[in-house]
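Welcome! Below are a few short exercises with worked solutions to help you find your way around. Have a look at the model, then work through them one at a time.

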Amino acid sequence: MALALAETGQRVEILSADSRQVYRGMDVGTAKPTTAEQRGVAHHLLDLVDPDAAFSVAEFVRAAEPVLEDLAARRAGALIVGGTGLWLRAVATGLDVDASPADPGLRARLEAELTNEGLAAMAARLATRAPIRAARTDLRNPRRVVRALEIATLRGDGPPARPLGYGGRVLRLNLTLDPALNHAWIERRAMGQLDGGLPEEAALLRARYGPNLRSFSAIGYHEALDLLDGRLDRAGFLAVNVARNVAFARRQRTWFRADAFGDVQLDLDAAGDPLEAALDAARRFLAGEPVS
C-alpha cells in the first residue's frame, strides 16, 4: 500500500521502520523492498549497518530525524512503514534519549547493592550524586532508582536531553486482516522466501559472520540454516517458519491494539483495496479535516 500511495503522484517518500531491514545483506529474509520496487520511489533507512552491528531504537530515531527534516524542508510527506512498533512509536511521539545509556554489569551491581543496603540508602545516594535526576525519579520505586543511578553513573547529572522524534501531527493507518487470511498470506510468503533464495542468503551471511549473528533472530534464518544442515527438510522449514510468523503476527496485533500512538487513526481492510481510503484519509488529514 505504501508503494501504491507513493506512486499516485503524491509528494511522499518511504521510510522503513523494520528493525531487521537496517542490515545489509539481509534482503530475502526481511522482505526488504526489491530494487524494482524502490525504482521511482525514494526509500530511506534501509541497509544502514552490517548485520554484526548492534542497532538500537535511539540510533534509528537519530537516523530518521535528518530525513524527516529534509522532507519537511521540501514540503514532502513521509510514509513510515514497518512492523517494529517501538520504532514507529519512537519516531511518531519522540524518544527520551536520556534514558538510552545502559550497562548490564553496572545495573546488576546496583541491584545487588539495593538488596544489601535497601531502597532508602540507594535513594539518598541518588539524591547526593545526581540531584537533578533524583528530582525527576520516583524514589519509592526500586527499579526506577536503580535505573536512575545507572544513567547518572554513565552520563552524569543534568537536565534531560531533548527528545528525538517528529514534531508534527501523525496519521496512523492500521491495516487489519482476518487471522485465517493472514495465515494463508504467511504461508505464501514462507514459500516465496524458500524459493527466492533465503537459504543461499543465510549461507552467505554465516560464511562471512559466523552462525551466531544477533540479527539471525529475524524469523527464517535459523530455519534456513537448519534446512542447509539437514536438521529440517523442506516441509519442516515451512512448518516452523509459518508457526513462528503466525505467533509473531498475533503478538503484533496485540501490541498495536494496546498502543494508541498517532494523532488520528484509521483501520483499513488489507484484504480489500485500501488505497482509495488511505488517499482520502491523507488528503483530509493534511487539509485539517476530520478523518473517518
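Two residues are in contact when heavy atoms lie within 4.5 Å. Keep in mind as you go that this is a predicted model.

**Exercise 1. Describe the surroundings of glutamate 150.**

Solution.
Step 1: Find the residue. Glutamate 150 is part of helix α8, which covers residues 142-155.
Step 2: Decide between buried and exposed. The cut-off for buried is under 20% relative accessible area. Glutamate 150 has 0% relative accessibility, so it counts as buried.
Step 3: List the contacts. Leaving aside neighbours within four places in sequence, glutamate 150 touches Pro101, Ala102, Asp103, Leu106, Arg107 and Leu110.
Step 4: Look for a polar partner. The side chain of glutamate 150 comes to 2.7 Å from the backbone nitrogen of aspartate 103.

**Exercise 2. Work out how helices α5 and α6 are oriented to each other.**

Solution.
Step 1: Recall what to look for. A pair of packed helices is described by the angle between their axes and the distance between the axes.
Step 2: Take the values. Helix α5 (residues 104-117) packs on helix α6 (residues 119-129) at an angle of about 125°, and their axes are 7 Å apart.
Step 3: Classify the angle. Over 145 degrees would be roughly antiparallel and 65 to 115 roughly perpendicular, with oblique for the rest. The two helices α5 and α6 are therefore oblique to each other.
Step 4: Name the residues that touch. Leu110, Glu113, Leu114 and Glu117 of α5 meet Leu119, Ala121, Met122 and Arg125 of α6.

**Exercise 3. Put the strands of the open sheet in order.**

Solution.
Step 1: Read the order. The three strands of this open sheet are arranged β2-β1-β3, and their pairing is parallel.
Step 2: Find the edges. β2 and β3 (77-81) each pair on one side only, which makes them the edge strands.
Step 3: Zoom in on one pair. Strand β1 (residues 12-16) and β2 run parallel and are joined by two bridges. Isoleucine 14 has histidine 43 in β2 as its bridge partner.
Step 4: Add the helix. α3 packs on the sheet and touches β1, β2 and β3, with its direction at about 180° to that of β1.

**Exercise 4. Compare two residues with positive phi, leucine 45 and aspartate 47.**

Solution.
Step 1: Locate them. Leucine 45 sits in the loop between β2 (43-44) and α3 (57-73), and aspartate 47 is also in the loop between β2 and α3.
Step 2: Read phi. The value is near 70° for leucine 45 and near 55° for aspartate 47.
Step 3: Check accessibility. Leucine 45 is buried, at a relative accessible area of 7%, whereas aspartate 47 is partly exposed, at 34%.

**Exercise 5. Which residues touch the most other members of the largest nonpolar core?**

Solution.
Step 1: Name them. In this core of 42 residues, they are Phe55, Phe60, Val61 and Tyr221.
Step 2: Trace the contributors. The elements giving two or more residues to the core are α3, α4 (85-93), α9 (179-195), α10, α11 and α12. The largest share, eight residues, is from α3.
Step 3: Follow one member. Not counting residues up to four places away in sequence, phenylalanine 55 is in contact with Val22, Tyr23, Leu48, Val49, Phe60 and Trp87.
Step 4: Look beyond it. A second, separate core has 16 residues, among them Leu266, Leu268, Leu275 and Ala278.

Note on methods: Residues numbered from 1 in each chain as written. Predicted model: local features only at pLDDT ≥ 70, side-chain atom pairs only at ≥ 80, totals over all residues. Heavy atoms only, no water. Helix = DSSP H or I, 4+ residues; strand = E, 2+ residues; numbered from the N terminus. Buried < 20%, exposed > 50% of the residue type's maximum accessible area, 1.4 Å probe, protein only. Pairing = 2+ DSSP bridges. Axes fitted to C-alpha atoms, helices over the stretch in contact; angles between N-to-C directions. Core = buried A, V, L, I, M, F, W, Y, C linked by side-chain atoms within 4.5 Å. Polar contact = N/O pair within 3.5 Å; in protein donor to acceptor, adjacent residues only side chain to side chain. Parallel < 35°, antiparallel > 145°, perpendicular 65-115°, else oblique.
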